[in-house]
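Trainee: I would like a close look at one part of this protein. Please take me through the salt bridges, then show me what lies buried around them.

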Amino acid sequence: MTDVVRLERLGAIALVTVNNPPVNALGVAVRQGLLHALRAAEADAEVRAVALVCAGDTFFAGADIKEFGQPPQAPGLPEVIAAIEACAKPWVAAIHGTALGGGLEVALGCHYRIARADARVGLPEVKLGLLPGAGGTQRLPRLAGVAKALEMIVGGQPIGAAEAQEHRIVDELFDGDPRAAALAYAQRLLDEGRGPRRTGELSVPGTDSAELIAARHAEVAKRTPGLFAPLRCIAAVDAATRLPLAEGLERERQLFLECLHSPQRAALVHAFFAERQASKIADLPAATRPREIATAAVIGGGTMGVGIALCFANAGVPVKLLEVGEEALQRALQRARDTCAVSVRRGSLSESEMERRLALIAGVTDYAALAEVDLVVEAVFEDMAVKQQVFERLDAVCKPGAILASNTSSLDLNQIAAFTRRPEDVVGLHFFSPANVMRLLEVVRGARTSHAVLATAMAIGKRLKKVAVVVGVCDGFVGNRMLFQYGREAEFLLEEGATPQQVDGALRTFGMAMGPFAVRDLSGLDIGQAIRKRQRAILPAHLTFPTVADRLCAAGMLGQKTGVGYYRYEPGNRTPLENPELAPMLEAASREKGIERKALDEQYIVERCIFALVNEGAKILEEGIAQRSSDIDLIYLNGYGFPAWRGGPMFYADSVGLDKVLATVKELHARCGDWWKPAPLLEKLAAEGRTFSGWQPAHHSGEQA
């Protein structure tokens with residue numbers, strides 16, 4: 001045995017207990033211990049069955065992330081699982097908590113599986129650009145059938161214990177102690193004279209597997225073009241339908257290695273670790289304790305305010321929603337109900353759960369009702385004078401120690417904090433729309449935001465199941481500051497000769513969830529107009545701006561809300577169609593600037609937009625607005641539709657080579673002017689042959705340098 005695997009003989013049953021906190025990851029010591037336990041149980045003539053359990057809060061939750069990128073150490077997990085399945089004495093796995101990835105694969109190699117009623121099982125490897133490489137693609141279809149196996153392996157989402165039992169993944173559910181349940185089930189096996197029942201010896205159920213596989217292949221190829229791992233997952237499941245286990249495992253291994261060596265795998269692993277790094281704040285003392293948040297409030301009942309209120313209600317936090325009058329308040333509360341009703345219709349939320357959540361939202365029209373709340377989030381119109389009115393009122397009525405948060409997407413948080421007598425209690429919580437769906441939360445750290453308030457904001461993000469990333473104060477923070485550069489270059493491309501369809505198409509092919517012009521039409525062109533006017537007033541006069549969006553706004557073409565913008569839309573249909581009135585506007589914009597319109601190739605379009613993100617990201621890093629390049633990547637992956645398999649804009653730049661990125665930026669600077677002045681950090685790292693990922697900024701101040 002090893003220190004993390006214990007073997008006890010209890011009569012005719014060998015109890016194998018794994019204790020590798022915190023999540024019983026399947027590291028080398030666990031794998032060695034399981035193999036030793038198996039051999040000892042096989043050699044003991046008194047042992048007639050083996051029960052496998054894990055200590056702590058969970059069954060095996062997956063691989064040991066400390067081994068990522070390290071040389072493999074024997075025994076490998078496939079070897080351990082094969083030995084368990086081949087054992088002449090029946091093994092029963094008792095699952096509690098989660099059995100994910102290799103954890104579920106171990107359970108599939110056991111002869112019987114029971115699961116506590118609240119357990120979850122899954123094979124999420126595709127999210128890291130991999131496929132289950134220890135027999136999961138071969139054994140799961142033999143139990144659950146091809147359709148369910150494809151859903152779990154290609155989608156990567158875990159399922160509950162009851163659903164797992166329905167699909168034969170587990171044999172029985174239990175409540176209470178896994179150890180007692182495992183021993184009882186093993187004893188029943190002995191009493192009933194049941195021996196090993198090997199998953200690998202089963203045939204895949206069903207006769208329509210070829211059709212299911214072909215349909216899923218076509219769907220994935222269309223929905224996520226360019227994504228490497230999902231199609232290999234499908235190919236591995238296909239092998240299970242055609243090959244005996246040994247040959248299927250060989251094919252699985254071959255496909256696993258293809259994924260392992262794919263650049264996409266490195267990008268997805270980068271994204272995985274970026275999420276874990278984001279919670280680490282360099283200068284936040286380890287002893288900092290977050291404040292307790294038992295109640296919250298939201299100011300403003302528009303789409304964003306209602307979405308934020310639902311975030312709190314979904315997390316079980318009572319929240320007051322304040323609107324200026326009773327009529328506006330009732331509209332806001334109805335908006336909350338309508339939003340939840342969509343989830344009920346989709347089947348993702350029960351009627352009773354909807355009512356429970358909505359009961360946590362209390363509508364109010366008087367600021368005095370907020371006197372005792374622990375946290376207030378302002379979500380009113382993006383205008384500094386309006387913010388001033390709100391924060392002066394909050395400062396007057398909220399109790400000492402209450403956190404006053406702004407959902408501003410670009411305004412100066414330090415100026416907002418100065419409207420109060422407690423700037424140390426002011427923080428930015430920049431939610432992304434729709435707030436109850438989008439995972440990203442930019443936590444904006446003001447110059448005087450206290451350590452305790454910053455720690456509380458991050459804790460609240462986690463409680464709301466958000467990806468919370470700390471950013472400093474500047475115009476647009478990280479996400480929108482970079483987006484301004486991206487959108488500006490996209491619009492300049494229209495003046496040079498491109499159409500919205502060409503720009504959007506090139507960036508979708510690159511992997512962006514939507515093209516920039518489809519996004520603008522969706523949100524409304526008037527949303528950006530106020531920001532453009534403000535920026536033109538503060539940016540250097542020698543910088544020229546594109547004018548196409550202004551022309552559309554002047555013509556009342558505001559996007560989907562008016563039925564026409566960069567594209568045209570039929571009533572009740574969001575499919576973008578060509579806007580015939582746009583072409584003369586583009587020609588006029590080009591003519592006024594003396595630009596001869598010409599055809600632009602796809603690579604140029606992509607580099608013009610994506611490298612604008614990268615160059616601005618480098619400036620943000622050097623100024624200390626972001627702690628690390630992976631935080632910028634995380635913001636773009638979770639808030640702006642950047643393809644996860646490219647790792648984020650900064651990781652993508654590293655993979656291209658910063659010398660190559662810099663060369664293109666310099667060319668654009670010479671041709672397009674000072675918008676493209678190379679970031680000093682980009683020049684420095686390119687000259688030194690370094691990467692953004694390997695660079696750390698100096699001490700973070702929370703203010704723009």
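Mentor: What follows goes through the salt bridges one by one and then turns to the buried parts. Keep in mind that this is a predicted model.

The structure holds 42 salt bridges. Take Glu-275 and Arg-439. Their closest N and O atoms are 2.9 Å apart. This pair links distant parts of the chain, 164 residues apart. Glu-275 sits in helix α11 (residues 263-277), while Arg-439 sits in the loop between β15 (426-431) and β16 (440-444). How covered are the partners? Glu-275 is partly exposed, with a relative accessible area of 31%. Arg-439 is also partly exposed, at 37%.

Next, Glu-327 and Arg-331. Their side chains meet in a salt bridge of 3.4 Å, N to O. Both belong to helix α13 (residues 326-346). They are four residues apart, so about one helical turn separates them. Glu-327 has 62% relative accessibility; exposed means over 50%, so Glu-327 counts as exposed. Arg-331, at 46%, is partly exposed.

Now Arg-551 and Glu-592. The closest N and O atoms of this salt bridge are 2.9 Å apart. Arg-551 lies in helix α22 (residues 548-554) and Glu-592 in helix α23 (residues 582-592), so the bridge ties together parts that are 41 residues apart in sequence. Glu-592 is exposed, with 62% relative accessibility.

Salt bridges can also join into a network. Arg-481, Glu-616, Lys-619 and Glu-623 are linked in this way. Three of these names call for a look at helix α24, which spans residues 602-623.

The largest nonpolar core has 105 residues, and within it Ile-610 and Phe-692 touch the most other members. Helix α24 gives the most to this core, with 12 residues. Beyond its close sequence neighbours, up to four places away, Ile-610 touches Tyr-486, Leu-507, Phe-510, Phe-642 and Tyr-652. Apart from this core lies another, of 65 residues, including Leu-143 and Ile-153.

Ile-153 is one of the buried residues of helix α5, as are Val-146 and Lys-148. That helix, residues 146-155, is mostly covered, with seven of its 10 residues buried. Just after α5, Gly-156 takes a positive phi of about 80°.

One charged residue closes the tour. Arg-139, in helix α4 (residues 136-144), has a relative accessible area of 3%, so Arg-139 is buried. Its contacts beyond four places in sequence include Glu-85, Leu-108, Thr-199 and Leu-249.

Note on methods
Residues numbered from 1 in each chain as written. Predicted model: local features only at pLDDT ≥ 70, side-chain atom pairs only at ≥ 80, totals over all residues. Heavy atoms only, no water. Core = buried A, V, L, I, M, F, W, Y, C linked by side-chain atoms within 4.5 Å. Buried < 20%, exposed > 50% of the residue type's maximum accessible area, 1.4 Å probe, protein only. Helix = DSSP H or I, 4+ residues; strand = E, 2+ residues; numbered from the N terminus. Contact = heavy atoms within 4.5 Å. Salt bridge = Lys/Arg side-chain N within 4 Å of Asp/Glu carboxyl O.
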